[in-house]
Amino acid sequence: MQPRALITSIVSLTLASWGCAGSDSTPAPNVIDVTARGLVFDAPAETPSGWTTIRLKNESGLAHFALVQRPPSGIGIKDHQEEVAPVFQAGMDLLNAGKPDAAMQKFGELPEWFSQIVFLSGPGLTTAGQTSQTTVYLEPGTYLLECYVKTNGVFHSYNPSPSAYGMVHELTVTEERSTAPEPVATLEITLSSERGIEVQGDAVAGEQTIAVHFEDQKAHENFLGHDVHLARLNDDTDIQQLATWMDWTQPTGLETPAPAEFLGGTHEMPAGGTAYFTVRLEPGRYAWIAEVPSPDGKGMLKTFTVP
Ligand SMILES: [Cu+2]
């Protein structure tokens, strides 16, 4: 073997062994960085399919979340902004004006395809300055990420300016499959309409990856399915106010500022689904809470202490 060929072989072997060492370790997660600035999501337009970690970095001064939804084929952000966001805002304006019957009539104007949207988790409520992270399995297709927290009675997903979109981002999940593994949970939560939020495992300080299993799903009084968010409580937190805040149909519901510090979670999924979210817990008092009306009466508000 010529010296040059020998050197090439040694380099190739060395690179191959590094590659081999890399493939022995766990494949990296497929992370999508979503940054909230003002009332806009800054996020990539596409991502490979498979286990997908959505990291919501909230650089704005308001609370946000990023609900993942898969509309039926052919429907995208333009349809959402033209046919859904204005109807919800008009309905909310009527609720704020104390006209619930007129509001329900308005919600009846939602397009037929709205009922075919599949909600698939996404980072839960995340207070200004926080970063939250939620992992879910996504098949190829067109998805929307949406925040409908309200400020001054206006949903973030609705932009009163007809020339601009609200806080909604269209994400294309491609046929390419990522090698990202399913996360390994350190805590398990089972969500059900009968028993509410049930936690298996001890919430201790440090990084925790929480698996959330959706045992069943149903439409609650706010038309949404149950989910789970994590709030950090302090001595001033009014638990009853926090519970009431989780109902968007109330004028004060989901209206900024949030009544507690939120650290993420997962939005709703169909029955049988599992999503994961990762948080760094510090000693203190917390609450697992669902975005449904009267979560306390449904077993969907559970406080706990991290020692
Ligand atoms: Cu928002």
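**Aromatic rings**

I began with Phe 88 and Trp 248, and found both of them buried, where buried means under 20% relative accessible area, exposed over 50%, and partly exposed in between, with a 1.4 Å probe and protein chains only. I noted that this is a predicted model, in which local features need pLDDT of at least 70 and side-chain atom pairs count only at pLDDT 80 or more, while totals for chains, interfaces and linings use all residues. I also noted that residues are numbered from 1 along each chain as its sequence is written, and that side-chain values use heavy atoms, with hydrogens and water left out.

I then searched the whole structure for aromatic pairs and found 14; rings of Phe, Tyr and Trp (its six-membered ring) pair if their centres lie within 6.5 Å, and planes under 30 degrees apart count as stacked, over 60 as edge-to-face and the rest as tilted. The ring centres of Phe 88 and Trp 248 are 5.7 Å apart and the planes stand at 70°, so I entered this pair as edge-to-face. The pair links distant parts of the chain, with Phe 88 in helix 2 and Trp 248 in the loop between helix 4 and strand 15, 160 residues apart. Helices (H or I, at least four residues) and strands (E, at least two) are DSSP runs, numbered from the N terminus. I followed the ring pairs further and found that they link Phe 88, Phe 107, Phe 114, Phe 155, Phe 223 and Trp 248 into a cluster.

**Helix 2**

I looked along helix 2 (residues 77-96) and recorded a kink of about 30° at Val 84, shortly before the proline Pro 86; the bend at a residue is the angle between axes fitted to the seven residues ending there and the seven starting there. The buried residues of this helix include Val 84, Phe 88, Met 92 and Leu 95. I listed what the buried residues of helix 2 pack against, and among these elements are helix 3 (100-107), strand 7 (141-146) and strand 10 (168-177), contact meaning heavy atoms within 4.5 Å. Just after helix 2, Gly 98 takes a positive phi of about 75°.

**Copper ion**

Which protein atoms are the donors of the copper ion? I found His 64 (ND1), Cys 147 (SG) and His 156 (ND1), lying 2.0 to 2.1 Å from the ion; donors are N, O and S atoms within 2.8 Å of the metal (3.2 Å for Na, K and Ca), and sites may look incomplete, since water is not among the atoms. Along the chain these donors follow the spacing H-x82-C-x8-H. Cys 147 counts as buried at 0% relative accessibility, and His 156 is buried with a relative accessible area of 3%.

**Backbone exceptions**

I kept in mind that most residues other than glycine have a negative phi, and that most peptide bonds are trans. Ser 121, in the loop between strand 5 (118-119) and strand 6 (131-138), has a positive phi near 70° and is buried at 0% relative accessible area. Leu 254, in the loop between helix 4 (239-245) and strand 15, has a positive phi of about 55° and is likewise buried, at 0% relative accessibility. I found a cis peptide bond between Thr 256 and Pro 257, with omega about 0°, and placed Pro 257 in the loop between helix 4 and strand 15.

**The sheet of four strands**

I traced an open sheet of 4 strands in the order 15-14-17-18, with antiparallel pairing; two strands pair if DSSP finds at least two bridges between them. Strand 15 (261-266) and strand 18 (301-306) stand at the edges with a single partner strand each, so one side of each is left without a neighbour in the sheet. Strand 14 (residues 228-233) is joined to strand 15 by 4 bridges, and I noted Thr 266 in strand 15 as the bridge partner of Val 228.

**His 226**

I last looked at His 226, in the loop between strand 13 (206-214) and strand 14, and found it buried at 0% relative accessibility. Not counting residues up to four places away in sequence, His 226 touches, among others, Phe 214, Asp 216, His 220, Glu 268 and Met 300. From His 226 to Asp 247 I recorded 12 Å, C-alpha to C-alpha, with the two residues 21 apart in sequence.
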